[in-house]
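Reader: Could you walk me through this structure and show how each label is earned? I like to see a value next to its cut-off.

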Amino acid sequence: MDLNAITENATRLGSRIQESLSERTRALQQREAYYDAADEKTLNVRKQLDSNSEREKLAAMKILIALTSKGRNMSEYFAPVIKNVASPNLELRKLVYIFLLRYAEQEPDLALLSINTFQKDLADPNPFMRAMALRVLSGIRVPMIANIVLMSIKRCAADISPYVRKVAALAIPKCLSLDPSLQESLVEVILGMWKDRSPLSIGSVVVAFDAVCPTRLDLLHKHFRRLCKSLVDVDEWGQVDLCNLLLRYARTMLARPKDDEELDKDLQLLLTSAEPLFFNRNPAVVIAATRVIFYAGPPSYHPKIVQPLLRLLHISPEVERIVLAYIIASNPVLFAPHPTPFFISAADLPETRTCKLRILLAILNFDNHPTILRELVEQEAVHEIGRCAQKVPECTDQCVTALLGMLDRGNDQAVVVLKNLVPEAVAERLAGRLSVVSDPSARATIVWLSGQYAEGTSAVDGLAPHAADVLRQMAKTFPAEARAVKLQVVTMAAKLAVLSQDPRVGLLTQYVMQMARYDLDWDVRDRTRMLVGLLAGLDPAATTEREGVILRRAQVKVVLFNGKQNVVEVDEPVDATIGTWSAISGKKSLEDGILPDWLENGVESVLRHSPEDEAPPAPAPVTSISSAQVRAARAATSAPPTSAPTTPWKTLDSFYDDDEQEEGHGEEDSGSEDESGEETESGSEEDEDDGDEDESTEEESSSSVVDSAHHNPRT
């Protein structure tokens, strides 16, 4: 039995899945048919639009929208389409509105024919229809209807539906673009919408404010505290705009915060309201809250941005790239206790890898340098390892060992870094690897080291053992070397000529200078001409023949060996703001908003006072009473009433039974006061206690009726 039931259920499930797939396939084929509509199908579109069938009109509109999305000009159908602007079919009307917005600028005269329809829809009972009518009306780019749009915005700004008010706020920038002279009127509308209590429309009002009057921050004085309190309830993208607006207001109207002083109450309210946004699922909201805390709070508040930004690194590669750029633009030292999230993975983009390396160098200190150095060695980040040795001198030996190991593994760039760390110690060792190093910059570095530290004692008088041999090797391959290598070879030959008077060194120097004199590169020829003139003072015979200033050997040595010091790389601060495009691209952009500087003392706090800030009245103080007063109060409470009868508690069934009886005898109740009094008194507890139903006064009867009406929810 169980096996048969399972088989039957599986068969039913398979048939349902097959039907669902067939329906999906049929729907996709129909959708593709709209996009692949041939010219002969478009011939029937005009007839379908004039048809009485809503289905045919809807099919024709789908074809027009599909072809419009493919870039085809369908403005010739504007006239028959505009006839269906008042169609009762909501789906058809949506497509007509889309088509109308697309071609209204090309056919302004025909577009004006639909204005009356939209104005009528503004009074539609459906709030969605009212909002859609205003959206389309404000989207028609015809300047002559600017006043009509303004009147519609004023009407919808006071609508009972918050969704309609939101659409009205979004229509304000469109109205301003139609007629800039309406700015003052639109500002008045915005002032009225600031009082809106619905969080749904606040974000749109902020967008309208930034578009119409972004510098009129004085209009926010009385609404600042309420906007801070409602920040958590606003929609996600509204929270982003509202955070940016409140941040500009705080830096313009509030005093600069200091750690050693108590924070302003309004600034404290803003910071407290922004902190819950760190738990939002939208990365843009988290970054907006980070801007508020980092640029509005004192330095003691800055560590609060660490954990929220680290959480964003695991959302997606794109978000990770942006967040890393914002971390660099903020204060990377705050992330020093957390170097692990910035370790490089194989799936990282090149830009992401560069940002992570910059952050690792920025957060490097004595406490975390072993962890970061191991990561840099694993990634073979040669230049970053050299920067580690410069920033933390205690790890210089470890860096040199790691670089020498990379050099043995064939990483020629390690030579360039070793030159700045321990040049004297590695000069001879690197000279022995000259024949296996192929990178031009690395070969030029080895030649420079051999010439700079060539002074020593050897068979060649006054030179280190490796110096003359390096010059000999480079003289053989000089024509085939790169330009950077040739420049260093010529300079090295001049240095060796100053240090040693051995004739063999002189012949090598003369040979190199002769080849460089006729080199194809003009930089090499210019350097050679300068060095030959500089070495003219070394030949006593040529000294008497030359004119001008001639330097002695000691002076030439100072010029060649001490003329240029090593350039130490220094981290340049990033001049960018969190949340801007320049922080990501590294280039200034006109779209980046300017963050205003602090106002030292701020404006008076009284300007931000509103009736909502008034505290509720304090409760009356409780005074001590005697036990006799307590007993008297209990006795008065438990005593039966003497003036007005009370209605007893009833069950729900008896309550509705009494209502039905009252409805059934309504006519009799209205016609006779005695009968009304008799009916009312029949349900009272007081009549049962008295036992006298015939002797009721008119005053007691009316009191019972009023009391019964008070307990009846239908009355």
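Author: Happy to! This is a predicted model, and a good place to begin is a network of salt bridges that links R225, D266 and R608.

Reader: How many salt bridges are there in the whole structure?

Author: A search of the whole structure gives 22 salt bridges.

Reader: What makes R216 and D218 a salt bridge?

Author: The N to O distance between their side chains is 3.4 Å. The cut-off is within 4 Å, so the pair qualifies.

Reader: And is R216 buried or exposed, or something in between?

Author: R216 has a relative accessible area of 33%, and D218 has 36%. Buried means under 20% and exposed means over 50%, so R216 counts as partly exposed, and D218 is partly exposed too.

Reader: How do you know that E275 forms a salt bridge with K304?

Author: Their closest N and O atoms are 2.7 Å apart, and the limit is 4 Å. The pair links distant parts of the chain, 29 residues apart. E275 is in the loop between helix 16 (265-274) and helix 17 (283-296), while K304 is in the loop between helix 17 and helix 18 (306-312). With a relative accessible area of 24%, E275 is partly exposed, and K304 is partly exposed at 34%.

Reader: Why do you say that R483 and D523 tie together parts of the chain?

Author: R483 lies in helix 28 (residues 483-499) and D523 in helix 30 (residues 522-534), 40 residues apart in sequence, so their pair ties those parts together. The closest N and O atoms of this salt bridge are 3.0 Å apart, to be set against the limit of 4 Å. R483, at 42% relative accessibility, counts as partly exposed, and so does D523, at 31%.

Reader: Let's turn to rings. How many aromatic pairs are there?

Author: The count comes to eight aromatic pairs. One of them is Y97 and F118, with 5.2 Å centre to centre and 65° between the planes.

Reader: Why is that pair called edge-to-face?

Author: Ring centres have to lie within 6.5 Å, and planes over 60 degrees apart count as edge-to-face. At 5.2 Å and 65°, Y97 and F118 therefore meet both conditions. The pair also links distant parts of the chain, with Y97 in helix 6 (residues 90-103) and F118 in helix 8 (residues 115-121), 21 residues apart. Y97 is buried at 3% relative accessibility, and F118 is buried at 0%.

Reader: What makes W448 and Y453 edge-to-face?

Author: Their planes are 85° apart, and the rings are 6.3 Å centre to centre. The limits are over 60 degrees and within 6.5 Å, so the label fits. W448 is buried at 18% relative accessibility, whereas Y453 is partly exposed at 23%; the line between the two labels is drawn at 20%.

Reader: W448 is listed in helix 26. Why is helix 26 described as largely enclosed?

Author: Of its 13 residues, 11 are buried, so helix 26 is largely enclosed by the rest of the structure. The buried residues include R443, W448 and Q452.

Reader: How do you know that the span of helix 26 agrees with what is expected?

Author: At 1.5 Å a residue, the 13 residues of helix 26 (residues 440-452) should span 18 Å, and the end C-alpha atoms are 18 Å apart, which agrees.

Reader: Which residues form a cluster through ring pairs?

Author: F78, F99 and Y103 are linked that way. Y103 also has the charged end of R102 over its ring, 4.8 Å from the centre.

Reader: What places K495 over a ring?

Author: K495 lies over the face of F561, at 5.5 Å from the ring centre. The distance cut-off is within 6 Å.

Reader: Which residues make the nonpolar surface patch?

Author: L13, I17 and L21 make a patch of about 290 Å². I17 is in helix 1 (residues 2-35) and, at 44% relative accessibility, counts as partly exposed. Residues in a patch need over 30%.

Reader: Last one: what stands out in the backbone at E380?

Author: E380 has a positive phi of about 55° although it is not a glycine. E380 is in the loop between helix 21 (369-379) and helix 22 (382-391), and is partly exposed, with a relative accessible area of 37%.

Terms used:
Residues numbered from 1 in each chain as written. Predicted model: local features only at pLDDT ≥ 70, side-chain atom pairs only at ≥ 80, totals over all residues. Heavy atoms only, no water. Phe/Tyr/Trp six-rings, centres within 6.5 Å; stacked < 30°, edge-to-face > 60°. Helix = DSSP H or I, 4+ residues; strand = E, 2+ residues; numbered from the N terminus. Buried < 20%, exposed > 50% of the residue type's maximum accessible area, 1.4 Å probe, protein only. Lys NZ or Arg CZ within 6 Å of the ring centre and 35° of its normal. Patch = residues over 30% accessible without salt bridge, like charges linked within 9 Å, V, L, I, M, F, W, Y side chains within 5 Å. Areas by Shrake-Rupley, 256 points an atom, 1.4 Å probe, with all protein chains shown as cover. Expected span 1.5 Å × (residues − 1).
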